Protein chains: 2
Amino acid sequence: MKLEEAKEEFIQAWGALGSSWGINRTMSSIHALLMANNEPLSTEDIMAALQISRGNANMNTRALIEWGLVKKHRIAGDRKEFFVAGKDVWEMARQIAKERRKRELNPVIESLENLKDIDENGEEAESFKKRINDLHDFTSEISGLVDKFTRNDRNWFYRSLLKLLG
Amino acid sequence: MKLEEAKEEFIQAWGALGSSWGINRTMSSIHALLMANNEPLSTEDIMAALQISRGNANMNTRALIEWGLVKKHRIAGDRKEFFVAGKDVWEMARQIAKERRKRELNPVIESLENLKDIDENGEEAESFKKRINDLHDFTSEISGLVDKFTRNDRNWFYRSLLKLLG
DNA sequence: TTAAACTTTCAATAAATAGTGAAAGATAAA
DNA sequence: TTTATCTTTCACTATTTATTGAAAGTTTAA
């Protein structure tokens, strides 16, 4: 297989993975494009490679920077901004986990906390309360675990995991 | 807070969580509705509770059954089908992990395997190969870990995890 | 300063996804 | 069988989400 062909297929596959994870296709395609290229790319490079508009390229590079997956890179003597993807797979996984915890896990935990104070006492209410409690305990433990993972705190990660899995 | 109010908020929150995970809002709302109710509900109950059409209710209950999150339930003397959500949070997590591994992780691993045979040798090609390799190793390890988790095989899960985290 | 080079914003538009409901397909009691 | 009850399908419509591109905003070299 040729390198260029492989790059295209990689961009394709990574884009598809992203969209099944609630990340838009362009964002993960840009990420893949930058991972596939060692040299920093400019907005124009990205526009040309993925055939997308300036606005779209701009929005999604900025989203990638917010997620901590991509960094801006200045090249001496050039006024353009260039972009590079982080190279370490583990670091990438940590950033993604961190961001998703913040955006998705935390809000649901908050919701579940609110739902805890139900002032009814029938059998149905009690069983609902129990389920909410189970879910809350579970999501909180997972959240804690993810937090330790993102901090790369192995010692506490293990302790937390052992506690969680019993 | 009243029980009915809490149920509604729960359905809301769970639906939102689902949609940020690439699961459609209705599917996760139905799941939440069934979790919030101990008694089996019929398609008509679901239609009424969530104000959705028969077709939609049918498609999404079937999706939930495919995911292993909901089971059909027959009530003696009634020809309708009823639905109940599993009650164990861990079991639920395992089913979700299992399904997502199959749908998302496996295809990307396959893709990465295909990309391994690049017959070019420049510096750029080598660095691309390395990244693909790193990603492949990482995703494969994660996949194996998830597999052990879904099989509830704690012993192997720990070994696998320790190996992965070094 | 000023003006060229670049980045960002956002209203309009396009594309993708989800939902509807009526009709066709099953199933099982009579 | 036949028929009433329930389930599934699918072409159409509605809703949501992503993308465009031109205009406004910002930065920096001269």
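The conversation below goes through a predicted model of two chains, A and B.

Visitor: How are the two copies related, and what RMSD do you get when chain A is laid on chain B?

Guide: Laying chain A on chain B takes a turn of 180° and a shift of 0.0 Å along the axis, and the RMSD is then 0.1 Å. The two copies are therefore related as by a two-fold rotation axis. Both copies use the same surface, since 100% of the contact residues of chain A recur in chain B.

Visitor: How many residues does each chain put into the contact, and what area is buried?

Guide: Chain A gives 54 residues and chain B gives 54 residues, while the area buried between the two chains is about 5,100 Å², with carbon and sulfur atoms giving 64% of that area.

Visitor: And the polar side of it, how many salt bridges and polar contacts are there across the interface of chain A and chain B?

Guide: The rule finds 2 salt bridges across the interface of chain A and chain B, along with 17 residue pairs in polar contact, both residues of each pair being at pLDDT 80 or more. The side chains of Lys7(A) and Glu124(B) meet in a salt bridge, with 2.4 Å from N to O.

Visitor: Which helices of chain A supply residues to the side that touches chain B?

Guide: At least two residues each come from α1 (3-19), α2 (25-36), α5 (89-114), α6 (123-150) and α7 (154-165) of chain A. The largest share of that side of chain A is the 10 residues from α5(A).

Visitor: Switching to chain B, where is Glu104(B) found, and what does it touch?

Guide: Glu104(B) is part of helix α5 of chain B, which covers residues 89-114. Not counting residues up to four places away in sequence, Glu104(B) touches Leu17(A), Ser20(A) and Trp21(A). With the side chain of Trp21(A), the side chain of Glu104(B) makes a polar contact at 3.2 Å.

Visitor: Why does Glu104(B) count as buried?

Guide: Its relative accessibility is 10%, and buried means under 20% relative accessible area, so Glu104(B) counts as buried.

Visitor: What about Val89(B), buried or exposed?

Guide: Val89(B), which also lies in helix α5 of chain B, is buried, with a relative accessible area of 10%. Leaving aside neighbours within four places in sequence, Val89(B) is in contact with Asp134(A), Leu135(A) and Phe138(A).

Visitor: Now within one chain, how is chain A divided?

Guide: Chain A is divided into domain 1, residues 3-85, and domain 2, residues 89-165. The centres of these two domains of chain A, taken over C-alpha atoms, are separated by 32 Å, and their contact takes 9 residues from domain 1 and 6 residues from domain 2.

Visitor: How much area do domain 1 and domain 2 of chain A bury between them, and which residues in domain 1 lose the most?

Guide: The two domains of chain A bury about 700 Å² between them, 65% of it on carbon and sulfur atoms. In domain 1 of chain A, the most area is lost to domain 2 of chain A by Trp21(A), Trp67(A) and Leu69(A), which together account for 68% of what that side buries.

Visitor: How many salt bridges are there across that domain interface in chain A?

Guide: The rule finds 1 salt bridge across the interface of domain 1 and domain 2 of chain A. In chain A, Glu66(A) forms a salt bridge with Arg103(A), where the closest N and O atoms are 3.9 Å apart. The count of residue pairs in polar contact between the two domains of chain A is 1, with both residues at pLDDT 80 or more.

Conventions. Residues numbered from 1 in each chain as written. Chains lettered and ligands numbered in written order. Predicted model: local features only at pLDDT ≥ 70, side-chain atom pairs only at ≥ 80, totals over all residues. Heavy atoms only, no water. Helix = DSSP H or I, 4+ residues; strand = E, 2+ residues; numbered from the N terminus. Buried < 20%, exposed > 50% of the residue type's maximum accessible area, 1.4 Å probe, protein only. Polar contact = N/O pair within 3.5 Å; in protein donor to acceptor, adjacent residues only side chain to side chain. Contact = heavy atoms within 4.5 Å. Least-squares fit on C-alpha atoms with pLDDT ≥ 70 in both. Domains from an automatic or database assignment. Buried area = accessible area lost by both parts, 1.4 Å probe. Salt bridge = Lys/Arg side-chain N within 4 Å of Asp/Glu carboxyl O.
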